[in-house]
Amino acid sequence: MPTMEKMLQVGAPVALTTTTAVISALLYQYAFKRADKTVMTTPLPPDSPYYDADQWFLNTPKEKWWLNHDDPDQEIQAFYLPAAQPSKKAVIISHGYKGQARKMAASARLFWEDGYNVLMPDNRSHGGSAGKYINFGLLDRLDYLDWINQVIGRLGPDCEIVLFGISMGGATVMMVSGEELPHQVKAIIEDCGYSSVEEELTYQMRSQFHLPKWPFWPIISGINRITLGLSLADSVTSISQLKKNTRPIFFIHGTADTYVPTSMCIDCFNATSAPKDMWLVPGATHANSFATAPQEYAARVKRFLAQYVPSEQSPALPSAQSSLLRSSSQPGPAQPTPAS
């Protein structure tokens, strides 16, 4: 009969392994499981800072577009808002983590009022689209190739397409950037996206739960291989895709972002050799740059697009803030732009 000491020697590693596996599974469910499959149907309260934009979204004529419409388990939906006047410009907008298309109303209105046709997908496992687990843009990026082709089919081969995303949506459009894109895609704007799923989620493990990357991350990656069919360790990243990117890209990030560290924006900026600009918004928290400086945000977006979308026209930037624009013409690795 084994002694108590030997039983403890065997039992302790087993218990530790079991505990690690359980914690990893709980972390996976917490981070990857979709929110309830709902579509926002009621207006935001009038005291919401996004009330006006939400009202605009609800009252603007729109169409429902689909991918995989004949398969309920794979069906993905999007809202298409035609421009008020005939236009060849289009923007495809990617929402954030556990968000949905409607929550991007403020961004959509910014482009729509500039004459863009607007396509707003509910990404996999978000809003009214199917899916049980969130893929953090790794699979969504492939859907955006299909959305791009749908826009071209609607507007014709002479259309001009911009990709825009915030947070997880920002990472998604960065991951799209490394794919083989049709010439109609003229520019990309990403706002506070992360450099990789691994970096972002292990950062959240440390900041939210005070847990180290090891030994949990390999187990989480293994669970994802089972649920979504891809290993997080072998997956594409924003950085790896940006290295292949050839499209002009504008990076926006708040200097007070503690959810996706500002350093990730700088890493992403330095990863691409394509034409690029970066604006680090003083004092802006995560996904809050537009709310922090809405007029300047709109002016900088339009100014960037005016360089690469032929039908755009360049506005004047607010002179008092002109020093905040980070131009790709500056040599050397990017550093945070100081507040003025």
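A salt bridge is taken here as a side-chain nitrogen of Lys or Arg within 4 Å of a carboxyl oxygen of Asp or Glu. The model is predicted, so that local features need pLDDT of at least 70 and side-chain atom pairs count only at pLDDT 80 or more, while totals for chains, interfaces and linings use all residues. Residues are numbered from 1 along each chain as its sequence is written, and side-chain values use heavy atoms, with hydrogens and water left out.

**Exercise 1.** Describe the overall make-up of the protein, beginning with its secondary structure.

*Solution.* The secondary structure comes to 11 helices and 9 strands, where helices (H or I, at least four residues) and strands (E, at least two) are DSSP runs numbered from the N terminus. Of the 340 residues, 51% are buried; buried means under 20% relative accessible area, exposed over 50%, and partly exposed in between (1.4 Å probe, protein chains only). Turning to contacts (heavy atoms within 4.5 Å), 73% of those between residues at least 6 apart in sequence join residues at least 24 apart.

**Exercise 2.** Which parts of the chain does the salt bridge between Asp54 and Arg102 link, and are the two residues buried or exposed?

*Solution.* The closest N and O atoms of Asp54 and Arg102 are 2.6 Å apart. Asp54 belongs to helix 2 (residues 51-59), whereas Arg102 sits in the loop between strand 3 (89-94) and helix 3 (105-112), so the pair links distant parts of the chain, 48 residues apart. Both Asp54 and Arg102 are buried.

**Exercise 3.** Analyse the salt bridge of Glu63 with Arg154.

*Solution.* The closest N and O atoms of this pair are 2.8 Å apart. Because Glu63 lies in strand 1 (residues 63-67) and Arg154 in helix 4 (residues 140-155), the salt bridge ties together parts that are 91 residues apart in sequence. Glu63 has a relative accessible area of 27% and is therefore partly exposed, and Arg154, at 39% relative accessibility, also counts as partly exposed.

**Exercise 4.** Place the salt bridge between Glu312 and Lys89, and state which residues form the network that includes them.

*Solution.* The side chains of Glu312 and Lys89 meet at 3.1 Å, N to O. This pair links distant parts of the chain, 223 residues apart, with Glu312 in the loop between helix 11 (294-306) and strand 9 (326-327) and Lys89 in strand 3. Glu312 counts as buried at 7% relative accessibility, and Lys89 is buried with a relative accessible area of 8%. A network of salt bridges links Lys89, Asp114, Lys302 and Glu312, and the structure holds 12 salt bridges.
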